[in-house]
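Trainee: Could you take me through one part of this model in close detail? I would like to see how that part sits within the whole.

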Amino acid sequence: MPLSLKQQQHQQQQLNADLPVIHNLPVHDVIQQKVDSISALKWESDQEDAFFVADIGEVYRQHLRWKSQLPRIEPFFAIKSNPDPMVVKLLAAIGLGFDCASKSEIQQVLAEGVEPERIIYANPCKQASFIRYAAQQNVAKMTFDNAEELHKIKLLYPNAEVVLRILTDDSASLCQLGLKFGAPMESVPSLLQTAKDLDLNVVGVSFHVGSGCQDEYAFEDAVLRARKAFDIAESMGFSLSLLDVGGGFPGADVKDGITFEKVAAILGPTVDAHFPPHVRVIAEPGRYFVASAFTICTHVIGRRTVKAENETQYMYYVNDGMYGSFNCILFDHQEVYPRVWSRGGKKYAATLKATEEEEETFTSSIWGPTCDSIDCLATEAKLPVLEDGDWIYWENMGAYTNCAASKFNGFKRSDITYTNTFE
Ligand SMILES: Cc1ncc(COP(=O)(O)O)c(C=O)c1O
């Protein structure tokens with residue numbers, strides 16, 4: 001029997017109850033509301049915990065930007081960069097594909113109703129049981145870069161659509177993935193021969209120029225290598241139909257140096273010049289979609305004054321750190337920039353009068369909350385004097401941050417408040 005309108009509404013309410021609230025306010029207004037809601041006089045625990053504000057509208061703007069700059073290339077979001085449920089929901093709903101690295105990433109994406117065809121299992125060395133799971137779920141596209149993997153795939157998923165990941169020059173990237181993955185060009189013929197002998201279905205070629213790529217021409221060079229791999233495959237009787245140009249695209253935060261537009265201006269025409277329209281072209285961007293969408297706010301929980309030779313310096317301790325969301329400093333080679341949000345309960349910018357704009361600042365270091373001295377977020381920030389209870393915020397904290405955070409020393413991961421600034 002169909003549900004009555006009332007029952008439908010009830011069902012919808014229950015579904016929505018599981019979803020976090022999404023504000024419709026600018027990020028700074030959400031931060032202010034959160035900070036205002038915390039009274040230093042209250043004793044409820046954890047109210048001053050560090051928190052993220054995630055702007056789902058910013059993720060959507062990045063999607064529109066991609067479509068306008070690289071219309072031929074279909075992004076498969078690299079969920080490893082930020083598996084935030086709201087980000088994944090949005091990107092699933094607007095029809096993106098997903099690059100998954102493990103069974104649980106595949107599960108998360110399938111649970112959002114994404115069809116298996118919209119997933120590439122882009123990890124060249126996969127656990128056997130995960131390949132079996134991919135086979136059960138018909139997640140057919142998967143990468144390989146070695147013969148052993150081909151034998152494993154033959155055994156566990158003989159009908160898989162395998163994609164050869166080739167090695168590219170990633171010397172201009174912050175994270176050089178080629179140290180671990182990618183078949184050198186000279187091994188391409190023998191790998192393809194193995195695939196042929198095993199009667200596997202090789203559908204395409206992929207590469208990754210390295211995460212945090214600083215040189216747009218690295219994409220051009222990689223596309224040319226992929227073309228060579230296609231030619232070798234075609235001369236051996238394969239008919240490839242998929243080119244996967246990987247990740248490595250900069251986030252929206254980059255103001256100078258490499259930008260997404262610079263990459264698109266090289267990558268788009270190079271792909272068009274070397275790959276006919278019947279070849280489907282996909283990419284695996286991670287950082288690009290999420291970096292600029294997340295801002296984290298940390299609370300000053302302690303201060304030490306250091307008498308240096310000619311000046312007073314300060315050491316500040318905040319309540320998220322290197323073992324938490326700021327692990328990106330270590331693992332992702334990211335630079336993070338502290339900015340003062342509030343002092344003495346007042347918004348920092350608002351406390352400055354025009355004449356005070358050149359307020360005295362001091363060399364300050366900022367440290368996370370654990371007892372480890374590696375837990376340092378900034379060594380030489382220039383900041384005004386801060387006190388316990390003041391807030392410091394950090395923008396562009398959406399990629400490879402909370403997803404890799406640990407609970408070392410018993411600190412919890414920072415919660416996320418959502419907003420949508422897309423109009
Ligand atoms: C196979 C693969 N694809 C895509 C990505 C995403 O890279 P980025 O966030 O630089 O776009 C990574 C990152 O490690 C990766 O390993």
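Mentor: Happy to, and let's begin at the surface. The chain, a predicted model, exposes about 20000 Å², and carbon and sulfur atoms supply 52% of that area. As for charge, there are 38 positive and 56 negative charges, and the mean positions of the two sets are 4 Å apart.

Now for the overall build. The chain has 13 helices and 20 strands. Its C-alpha atoms fill a box of roughly 70 × 70 × 40 Å along the principal axes. For 423 residues, a compact globule would have a radius of gyration near 22 Å, and the 24 Å of the chain agrees with that. Of the 423 residues, 51% are buried. If you take the contacts with a separation of 6 or more, 70% of them come from residues 24 or more positions apart.

With that as the setting, let's zoom in on strand β4. This strand covers residues 97–100, and F98 has its place there. Is F98 buried or exposed? F98 has a relative accessible area of 0%, so this residue counts as buried. What surrounds F98, once its neighbours within four places in sequence are left aside? On the lower-numbered side, its contacts are F76, F77, V88, L91 and A92. On the higher-numbered side, F98 is in contact with V109, V114, R118, I119 and I120. For a sense of scale, look at Q176, which lies 78 residues from F98 along the chain. The C-alpha atoms of F98 and Q176 are separated by 22 Å.

The residue range of β4 runs to 100, which brings us to a cysteine. The structure holds zero disulfides. C100 is accordingly in no disulfide, and the nearest cysteine sulfur, that of C403, is 14 Å away. C100 also counts as buried, because its relative accessibility is 0%. F98 likewise has a relative accessible area of 0%.

For another view of the cysteines, turn to C376. Why does C376 form no bond with the closest cysteine sulfur? That sulfur belongs to C328 and is 13 Å from the sulfur of C376, which is too far for a bond; the cut-off for a disulfide is 2.5 Å. C376 is buried as well, here with a relative accessible area of 15%, since the limit for buried is under 20%.

To pull the close-up together: F98 is a buried residue in β4, with contacts that include F76 and I120, while C100 is buried and takes part in no disulfide.

Terms used. Residues numbered from 1 in each chain as written. Predicted model: local features only at pLDDT ≥ 70, side-chain atom pairs only at ≥ 80, totals over all residues. Heavy atoms only, no water. Helix = DSSP H or I, 4+ residues; strand = E, 2+ residues; numbered from the N terminus. Rg over C-alpha atoms; globule rule 2.2 N^0.38 Å. Buried < 20%, exposed > 50% of the residue type's maximum accessible area, 1.4 Å probe, protein only. Contact = heavy atoms within 4.5 Å. Areas by Shrake-Rupley, 256 points an atom, 1.4 Å probe, with all protein chains shown as cover. Lys, Arg positive; Asp, Glu negative; His and termini not counted. Charge placed at Lys NZ, Arg CZ, Asp CG, Glu CD.
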